[in-house]
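Subject: A structure for you to look at

Hi there,

I am passing this structure on to you, and I hope you enjoy looking through it. Please open it next to this email, as the notes are easier to follow that way.

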Amino acid sequence: MNEAGNPTNSLIYNIGDLGESELLMEVLSDNPSNRTAAVMGIAERFDDEQVLAVLSRMKIKETNKYTLNEIEKTISNILMKKNVVNTNTYDMKLYDLPFNKIKNGSKTIEIRLFDEKRKKLKVGDYINFSNLENEKETMKVRILALHKYDSFLELYTNNIPEKFGCKGYSIDQLMMTTYGIYSKEQELYYGVLGIEIEYLKVTE
């Protein structure tokens, strides 16, 4: 409830109403152990969508990207453990360059529109990527985190270029490259999704 006695739609305030505001303070702590414990406390009390909503709220209020990335990784690990018995595998295609960047570890976020197919994705799911220039060449990745934004600008502002396999790129360069693939109309209609992934090496 807010000061006027009316319910609030903010998940952060709802948590505070439950006597758990201390958790939110510790989530932004400089102490990694405190952050991890706080995130685990939140994850135990709320479902996946609510946990991610908390993270989204914190991104608006906090600008320390390193700290937020640590928090996000911790939440992703928790959600993966929760979803381990209920995972799905999806097929997607990539051009040769991004395909090989993911394979060699220099690209860890794949960019897509947040369309109907991408709305089905969840942390812990798998993607089978095939190379558009040689569809017999495939690789499997696991989803570590899903970064949903209204625009590509927001996505690039909140994540470093290296994650997209574009070390040294400016945001303007990233935007120019992206608009060569997707239109602004598509961006506005669907929103965008950064799929943070882990390449699963095939063991002989």
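Here is what was found in it, starting with a pocket and moving on to the rings and some single residues.

One thing to keep in mind from the start is that this is a predicted model.

**The second largest pocket**

A good place to begin is the second largest pocket, which holds about 530 Å³ of space. Its lining is made up of 21 residues, and those closest to the centre are Pro98, Lys107, Glu110, Thr177 and Ile181. Which elements give two or more residues to this lining? They are strand 1 (89-94), helix 6 (96-104), strand 2 (109-113) and helix 9 (171-178). Sorted by class, the lining has 13 nonpolar residues, 5 charged ones and 3 polar ones.

Glu110, one of the residues closest to the pocket centre, is found in strand 2. Glu110 has a relative accessible area of 6%, so this residue counts as buried, the cut-off being under 20%. Between Glu110 and Leu94 there are 9.5 Å from C-alpha to C-alpha, and the two are 16 residues apart along the chain.

**Residues in helix 6**

Helix 6, which you have just met in the pocket lining, holds two residues that you may like to find on screen. Lys101 is in this helix, and so is Asn100. Are they buried or exposed, or somewhere in between? Lys101 is partly exposed, at 21% relative accessibility, and Asn100 is partly exposed too, at 29%.

Each of them also has a partner from another part of the sequence. Lys101 and Gly165 are separated by 64 residues in sequence, while their C-alpha atoms are 6.4 Å apart in space. For Asn100 and Met139, the separation is 39 residues in sequence and 9.8 Å from C-alpha to C-alpha.

**Aromatic rings**

Next come the rings, where the count is 4 aromatic pairs. Phe152 and Tyr179 form one of them, an edge-to-face pair with 6.1 Å from centre to centre and 85° between the planes. This pair links distant parts of the chain, 27 residues apart: Phe152 belongs to helix 8 (residues 152-157), and Tyr179 to the loop between helix 9 and helix 10 (184-190). How does burial compare for the two partners? Phe152 is buried, with a relative accessible area of 0%, whereas Tyr179 is partly exposed, at 29%.

Tyr156 and Phe164 make another pair, with ring centres 4.9 Å apart. Their planes stand at 85°, and angles over 60 degrees count as edge-to-face, so that is the label for this pair. Tyr156 counts as buried at 3% relative accessibility, and Phe164 counts as buried at 3% as well.

Ring pairs also join Phe152, Tyr179 and Tyr182 into a cluster. Tyr179 has a charged partner too: Lys184 lies over the face of its ring, 5.3 Å from the ring centre. A similar arrangement can be found at Tyr126, where Lys140 lies over the ring face at 4.6 Å from the centre.

**Two more residues to visit**

Where is Lys122? Look in the loop between helix 7 (116-119) and strand 3 (126-131). Lys122 has a relative accessible area of 19%, and the limit for buried is under 20%, so this lysine counts as buried. The side chains of Lys122 and Asp125 are joined by a polar contact of 3.0 Å.

Strand 3 itself contains Ser130, which counts as buried at 12% relative accessibility. From Ser130 to Lys93 there are 37 residues in sequence, and the C-alpha atoms of the two are 4.9 Å apart in space.

If you want a simple route through the model, you could begin with Glu110 in strand 2, go on to Lys101 in helix 6, and end with the cluster of Phe152, Tyr179 and Tyr182.

Happy browsing, and best wishes

Notes. Residues numbered from 1 in each chain as written. Predicted model: local features only at pLDDT ≥ 70, side-chain atom pairs only at ≥ 80, totals over all residues. Heavy atoms only, no water. 1 Å grid on protein atoms, 1.4 Å probe; cavity = no way out; pocket = protein on both sides within 12 Å on 5 of 7 lines; lining within 4 Å. Points joined across faces, edges and corners; volume = space filled by probe spheres on them. Helix = DSSP H or I, 4+ residues; strand = E, 2+ residues; numbered from the N terminus. Nonpolar A, V, L, I, M, F, W, Y, C, P; charged D, E, K, R; others polar. Phe/Tyr/Trp six-rings, centres within 6.5 Å; stacked < 30°, edge-to-face > 60°. Buried < 20%, exposed > 50% of the residue type's maximum accessible area, 1.4 Å probe, protein only. Lys NZ or Arg CZ within 6 Å of the ring centre and 35° of its normal. Polar contact = N/O pair within 3.5 Å; in protein donor to acceptor, adjacent residues only side chain to side chain.
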